Structure formats: structure tokens, C-alpha cells
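Colleague: Got a minute to go through this model with me? I'd like to start with the charged pairs.
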There are 2 protein chains.
Amino acid sequence: MPLPNLFYAQSGGMTAVINASAAGMLHAARENRDRIGRVYAAENGVLGALQEELIDLSREPASVIAALRQTPGGAFGSSRFPLGTPQSHPHYYRRLIDVLRAHDIRWFLYNGGGGSAGTCVHVAAAAKAAGYPLSVIHIPKTVDNDIALTDFSPGFGSVAKYTAVSVREAALDVASMATTSTRVFVMEVMGRHAGWIAAASALAQEDGRGAPHLILFPEVVFSRETFLRRVQEAVKREGFCVVVVAEGLAVHNPDLDLPDSNDSGEHRHDRQNLHTGKAAPYIAALVHERLGLRCHFAVSDYLQRSARHIASRVDVESAWRVGVAAVEMALRGEHLVMPGLQRRSTARTTHWDIVAQPLSRVASRERAMPRAFISRDGFGITPACRAYLLPLIQGEDYPVYAGGLPRHVCLKKTKAEKKLPAFDIGME
Amino acid sequence: MPLPNLFYAQSGGMTAVINASAAGMLHAARENRDRIGRVYAAENGVLGALQEELIDLSREPASVIAALRQTPGGAFGSSRFPLGTPQSHPHYYRRLIDVLRAHDIRWFLYNGGGGSAGTCVHVAAAAKAAGYPLSVIHIPKTVDNDIALTDFSPGFGSVAKYTAVSVREAALDVASMATTSTRVFVMEVMGRHAGWIAAASALAQEDGRGAPHLILFPEVVFSRETFLRRVQEAVKREGFCVVVVAEGLAVHNPDLDLPDSNDSGEHRHDRQNLHTGKAAPYIAALVHERLGLRCHFAVSDYLQRSARHIASRVDVESAWRVGVAAVEMALRGEHLVMPGLQRRSTARTTHWDIVAQPLSRVASRERAMPRAFISRDGFGITPACRAYLLPLIQGEDYPVYAGGLPRHVCLKKTKAEKKLPAFDIGME
């Protein structure tokens, strides 16, 4: 009798290391060939699952694991598709169970953020209602670092490292030119609701001083006058000023009159989808108009979350480990859990244990940045925050290069034969 | 009798590897202690020379050479200060010669772009007129790749590599999300008059295909309709489209109605100083408004020219070598020359010889991108361009990291004792 099969899908926004989780998952599955039949990756996440577009990873050569580990983005495609709940969208869940059943899938591994943990809970409920035996495991991933019950979210460590390194490098450039050129440099980073990435930029400081001189968090009420005074003080003191601003600055400061620019499309009515690429120009224009200082700005946008070339080794290894652990948990018969990272620090080192966390608790919470991580003046981080962040950017994990460029995975993408009639998911 | 001294200064915009030239210069000077007394670096470029602010590099430990080699920005400070000519601003040149004479400087090494080569010519003329014996050597540096008589400008190879790697990584991210999220990603790169950096992004393509699908050069007349049609075709064919736009797009397309944003300050009347951070939002908004596609954009700004963490080894080594060669040329008694890189290609390898080029010819020309390097349709590069660019991004040259971040140089900056009265340079 053939062995049962394992399903894997990627969900939501990408990171530099989500494929490292896929690589870990695939490695562990191959180590357990005696128990796992085929490994199917859904093409474009849950969309591919509904459409029965399943990539048979068993057909990929072994070398694909190493290549996956160093490739940013989502190798099988991801999607942001609102699946709703079994109550609101029963046809989606019925179809999903039909596809899993048709391909004899017993393990459902879903690699995503907090929202995907909720989807996992719904899928498990639908399977149970249908009397279909399924083990559901969530693999954590997000640059936003907002997943509950894990010390950090794989993906965050690398964007943190990219941000700290980039800010430090750019600050050296600005510092050397400030006497006769740009005085203020503004860098916009991701973070619509939480300032985790903005906070990580503070790691660029030497002994907690220097650039970035000011961080603008979405969690903090923005005061133009205080901010401008602090910019002026930094320029007077050091000759220049580096500002890091989270794209979500205006989400919690809705009176800010941001210019219309990036992330146009889709949800014009949804303010929260309209902020990338607006905060930095706004701050730069404000500084120039009010202080008459020459400003430059950068918007790193997708560059920051795909920068695998400067990934954190701790992050890559953690991503790999949660991928491995997901398979091991599945084989142990665990269900509705997420491999979470649990920090264990000694005086000299930081380790992370992997602990199975209940998905019901992961799905219902969001990890906010503690207020105690933001300095009293609102423009920097506290020692506690630095102590939390610093271990996450340790180590480098360079991809192998060929001809001057990183060698990325190239998949055959052999599809599993479809066994069901086509399904209309209601997209154009 | 004390040995005569050597002067070094950095000029204009920074690169990721200008300090590698400084390191090479310092290394060669120390190898020739029997002929060179002290090495003085001007603080903030020519400004520091006028103000007699000279950093005595002889007082820095030997370890500073390795640290300089891996530090982006300008370690001694740079400036954009219009020195004019000995005719238009005789007091500047008189002062400069006074400072050089007061510190017994016989070798004047100036690390900059094409404009700085012109300054070298003027300094030499002023020294000659004053009867002061001075050997003047220009060390090439710019991310713009527009210096004449050198195969490429040190600094360009690293920004080229950063751009190609970043575009490839971001494209993987966009490709994996395009079904339900962003369809078009626009990345703005430097280049006000020449599309060299934009061209380098094409190295991200695999076998000349894929992302970036469209490059917008300042050299090409921008046609909205043709561009939009090509975007639509790419999205139809591949599901997504990556566009790289040079910040100078509007310089040669003055009818483009760019929004007001970055690089505000200083020269509001000077259109050419008002373009960073405007081209990408403009293109993204155009695509969204006309095609209804969801867009994201990035503006890499200073990040691209300071990204020492992903520098090209060829570029770092070339920067080092022109620094070494400048000292050797000075000691050989050469005058008014620049160490230029001359390409020597075989079937398998590319080498660069270093050749002394006459500064009179360097200063009077600007290296434009050959029209034959841009594809006939204006949106890509030709095989000749690819063959030229590819050798420049070969090899990696990672900085040493400490605690998760690159270790950068930290200078004592011991100043030479001032021997002259203060000089009013006419800045506030």
C-alpha cells in the first residue's frame, strides 16, 4: 500500500528565508521516506490547493534542497487569498478537503504568518467535520515579527540585519558628504502596525549612539515640532542626521497629510494599503521645508525582505529548523501546533529550543512590540530591545555565487496528475 | 633632512570602494617610507585643504589599511565645493599652494570623478605659476562610470553588482506573489545623465530574459504608450513585470510631469538636482492609473552606492590598485596623469592593466554610454553591453563582521599642526 502524502504551501508576503523552511521540510521528509510518500507543494499557496495545482517535490533532484535554502521569495508561489471560514465560505473548505483526500494527503503544513495560523485552525475544523484524518502544522514566517508564541518570526532576523547594515553603510556615506551636501537622510522600512523593523535599524548605532539618530515608530504619536527640533539638534551636534521611518507612521497618525504615491492599486479605499513609499518623502519634504536642510530618502520596499545576500545566519538556521520540526511534529502525530522558537540565553550565547505551540493560541493573538522596547522620548530603542534584537542578526549565510550573481533554485515543477474536475475559485 | 610629504583627498559623491583606493594609497606610501615622509589626508576634501585641516595618516596604526579597505563612504570626508579656476578664484589656488608649501607636500593625489580631474589640472597650473614643484595625480572614482580613459570607474562595479543582485532578489519575491498581489515592481537607480547603473540591472536576467523586463534609460526618449504596452505584455506573458528606471529619466524627457519629492534643497532652480526619488513613484503611478495594476516601488538612493557588503571583488581590487598605482606614478615623477584601467580579455578571463592617462584628456571628456549598448527597442541592453558589464561584477569581497555587523574603520584623525593663519573660505 502506498504511503500517505504530505502537503506544503506558502502563504502571504515573502521573506528572504521562507524557502529555507521549505528546504528543511523537504530534507526532513526525505529523511523519512519510509513513512512519507510524496511531498506536494501547492503552486501559489492556497490558490493552487483549490485548483489542484500540486508540484511533486519528490521529482526534484536532491540538489534542490541546498538551492532552495539560499533562494529568496517563495519558490512555489504564494498568495493573499481570503479563504474565509468554513461557515462563511464552505465551498472553499469542501474543495480543499476533496483535493487533500484525492491525493491521499495526511499532513498539511502551512508556512505563513498569524493569519495563516487561523487558516490552519479552519482547515482542521473542516477536516474534522468531514471525518477526514489530517494533521495540521503551521510553520511560522513573516518579516513583521508579529506571530505569537515564538521568540521571533523566521524572516524577521534577515530583514533586521539588512536594515541595520544598510543604515550603517548609508550613514557613513552621508557623514562624509554632509559639510557641503546632504544633511538629512531618511530611510523608509516596512512595518504597518509594528515598529519591529524600524527598531532593528538601531542596531546600526555604535554603543547606542550615532546613526540612526531618530526612529519614527507607528506606535508613537508623531509630533512635528519635537521631531524637527531633534533633527536640528543632531545636525548641529554631528553635522548630519539619519532618520528611519516605518511605512505605517501614518496608520497611527491619521492626521498626517501624506502625498499620494506607492502601493497604488487594489484597495484605494483601504488606507492601510496605501502607505509604502509615502512616509519617507513626507518626512524629507517636511525637514526641507521647515529647516531648509538638504534631504535624500530611500524606500527599500521589497529589497529589504528579499535580501537573501545579507541574510542573518541565525535567521536562516531557524527557518530551516522550523521546517524540519514541522515534519517531525507531523510524524509524531501532533496536530494544530506550530514549531515556535524559545530563547535560551546564557552569558555568552543565545540558543533557541523548538517547542510545539497550540495553534488556537497562536491564531488569536498578535505580537505587538512592547512599549518598554521604545525609549521614553519615542525616537529610539531601550537596552531591553537591543538585548532582544542583537542575537537575531548574528552570523552571515552567504549564498553560493556563479558568474557574479547568487545561484538560485530552478525547479522542474512536475505537477501531480489532476484527479478532480476544475474548480471555479471566482477570480478573473 | 626630512622627506617630502604626500597629500590625499577625496572629492564629490561617495562610493562603496573609494576607501579601498585610500587603503591602496596608504599601503604603497608605507612601502616607500624611505622616500615619502608623512601622508596627509585632507578632512572633507578640498575644504580641509583650504582650511589646513590635515589628518596625519602616519599616526594611524597599520591595521587601519585593512579596515579602510572594507569601509564604504569617505573615511576622511569629501566635499562638493566649487573651486573654480585659478583665473576665476585666484585666492583659493594661492591658499592651496600656501598650505601645500607650509607642509612640504610634493605629491598631490586627488580621488574623484571627471570634475576632480579638471581641478587637478588647475592645481598643477597654479603650482607651476607659483614656481612650486608638485606632482599631481588623479585617482578615478565614481558610481556614474563617466570618467574618460579608463575601462570603468572604480565604484561602478560595486553599484552594478548591488543593483543586479537586488533586482534579481526582488523579482523572485514579486514573481511568487503576483497572482494575488503586486504585479509591477519599479526600482529607481542612480544615473542623472547616463544609464550605466540602470544597464547593469540587466545582468539580473537569466540568459538575457526575465526581470528586469524593462529598463528606462535617460538616453532614450520616453514614450508612455509604448512603455505601457510593454508592461502589459510582460504581465500577460509572465504574470508580473519588473521595471528599472534611472533617476535621470526626466532630465532628457523634460515634458514628464514628475511629482515633487526627494533631493529637495540647495538648488531649487536646478532641475538636475531634483530628481532622486521621483522617477519611480511617477512610473508606478502611471502604470496603476493607466493599467489598473497593483504596483510597488523602491528607491535605493544612497543604499546603492554605499553597499560595501555586496561589493564586487573586481571593483574593490581595482580601487585598491589605482590607489597603489597613484603613489607609484608619483614616485616615478609622473605628473598630471590618472591611473586608468585598460581591459585585456581572453576567452576565459578578463584582466585590467593600469596605464597612466594624461589628465588634460581625462578632464575634457565625459564617457557616455554608447548608443550601441542600448537595445534597438530602447528598453534593454545589447550583447555588447552585457559583455562589457559582466566582468565588472565578478567575485565577492565580504567585509569582516563583528557582532552581526561589518567592522568599519575607526580613525584617530590626529591633525597636523597648523602653520598658517585661518582662511575664510566664504561658507557659513
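Colleague: How many salt bridges does a search of the whole structure find over all chains?
Modeller: There are 42 over all chains, counting a side-chain nitrogen of Lys or Arg within 4 Å of a carboxyl oxygen of Asp or Glu. Keep in mind that this is a predicted model, where local features need pLDDT of at least 70, side-chain atom pairs count only at pLDDT 80 or more, and totals for chains, interfaces and linings use all residues. Side-chain values use heavy atoms, with hydrogens and water left out.

Colleague: OK, what does D377(A) meet in a salt bridge?
Modeller: R230(A), at 2.8 Å from N to O. D377(A) sits in the loop between α12 (359-363) and α13 (383-389) of chain A and R230(A) in helix α8 (residues 224-238) of chain A, so the pair ties together parts that are 147 residues apart in sequence. Helices here are DSSP runs of H or I with at least four residues, strands are runs of E with at least two, and both are numbered from the N terminus.

Colleague: Are D377(A) and R230(A) buried or exposed?
Modeller: In between: D377(A) is partly exposed at 39% relative accessible area, and R230(A) is partly exposed at 23%. Buried means under 20%, exposed over 50%, and partly exposed in between (1.4 Å probe, protein chains only).

Colleague: And which residues are linked in a network of salt bridges?
Modeller: E43(A), E53(A), K415(A) and K418(A).

Colleague: Now E188(A). Where does it lie?
Modeller: In strand β6 (residues 184-189) of chain A. E188(A) is buried but has no salt bridge, and the nearest side chain of opposite charge, R192(A), is 7.7 Å away. For charge, Lys and Arg count as positive and Asp and Glu as negative, while His and the chain ends are not counted.

Colleague: What does the side chain of E188(A) reach, then?
Modeller: The backbone nitrogen of G277(A), at 2.5 Å. The backbone nitrogen of K278(A) also lies 3.4 Å from a polar atom of that E188(A) side chain.

Colleague: Switching to the two chains: what turn lays chain A on chain B?
Modeller: A turn of 180°, with a shift of 0.0 Å along the axis and an RMSD of 0.0 Å. That is the relation of a two-fold axis. The copies are superposed by least squares on C-alpha atoms of residues with pLDDT of at least 70 in both.

Colleague: Which residue of chain A comes closest to the rotation axis?
Modeller: V299(A), with its C-alpha at 2.4 Å. Also, 100% of the interface residues of chain A are interface residues in chain B too, so the copies meet through the same surface. Contact there means heavy atoms within 4.5 Å.

How values were computed
Residues numbered from 1 in each chain as written. Chains lettered and ligands numbered in written order. Polar contact = N/O pair within 3.5 Å; in protein donor to acceptor, adjacent residues only side chain to side chain.
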